[in-house]
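Q: I should like to learn how the features of a model are read, one at a time. Might we begin with charge and proceed from there?

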Amino acid sequence: MKGRLRIAEPSDVSELHAIRTAAADALTDLHGTGFWSTVTSERTMKGYTAKGTLYAYEYDGQLLGTLGLVDKPGFVRKGWFRDPDASAGYVIHMAVSPEHQKLGHGRRCMECVER
């Protein structure tokens with residue numbers, strides 16, 4: 001079975017939060033503290049599910065990753081885009097569980113986003 005990206009449900013949030021936390025901890029262990037070290041709260045992630053912008057990546061029925069797909073967030077400089085006022089999808093908070101990294105799951109997530 002190929003991996004698939006689907007809109008996350010509130011019942012997924014605890015597991016997706018654990019994936020993000022594990023990925024953040026692994027990156028912090030590897031590179032030290034940085035922007036990658038911060039994890040949004042479960043409450044915030046539940047808010048993303050209410051907006052339909054939190055996604056779960058599944059492979060063989062197992063949750064392995066997560067990401068948010070939003071319109072340009074406020075922290076993005078409009079000048080980074082050819083048409084600063086046009087709508088544009090923006091990937092935020094992407095994470096793949098550390099034990100499943102380097103197996104192509106992150107790439108598959110992005111391929112799903114592109115589709």
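Q: How far apart are the mean positions of the positive and negative charges of the protein chain?

A: One takes the mean position for each sign and compares the two. In this predicted model, the 15 positive and 14 negative charges of the protein chain have mean positions 5 Å apart.

Q: What does the protein chain expose, and which atoms supply 52% of it?

A: The exposed area is about 7300 Å², and carbon and sulfur atoms supply 52% of that area. As for burial, 37% of the 115 residues count as buried.

Q: Which secondary structure does the protein chain have, and what pattern does it follow along the sequence?

A: The elements are counted, then read in order. There are three helices and four strands, and along the sequence they follow the pattern β-α-α-β-β-β-α. The radius of gyration is 14 Å, close to the 13 Å that the globule rule gives for 115 residues, so the protein chain is as compact as a globular protein of that length. Along the principal axes, the C-alpha atoms fill a box of roughly 40 × 35 × 30 Å.

Q: What share of the contacts with a separation of 6 or more comes from residues 24 or more positions apart?

A: Such residues account for 61% of those contacts in the protein chain.

Q: Where is Ala 26 found, and what separates its C-alpha atom from that of Pro 98?

A: Ala 26 lies in helix 1, which covers residues 13–31. Although Ala 26 and Pro 98 are 72 residues apart along the chain, their C-alpha atoms are separated by 6.8 Å.

Q: Why is Ala 26 classed as partly exposed?

A: The class is partly exposed because the relative accessible area of Ala 26 is 30%, and buried means under 20% while exposed means over 50%.

How values were computed
Residues numbered from 1 in each chain as written. Predicted model: local features only at pLDDT ≥ 70, side-chain atom pairs only at ≥ 80, totals over all residues. Heavy atoms only, no water. Helix = DSSP H or I, 4+ residues; strand = E, 2+ residues; numbered from the N terminus. Buried < 20%, exposed > 50% of the residue type's maximum accessible area, 1.4 Å probe, protein only. Rg over C-alpha atoms; globule rule 2.2 N^0.38 Å. Contact = heavy atoms within 4.5 Å. Areas by Shrake-Rupley, 256 points an atom, 1.4 Å probe, with all protein chains shown as cover. Lys, Arg positive; Asp, Glu negative; His and termini not counted. Charge placed at Lys NZ, Arg CZ, Asp CG, Glu CD.
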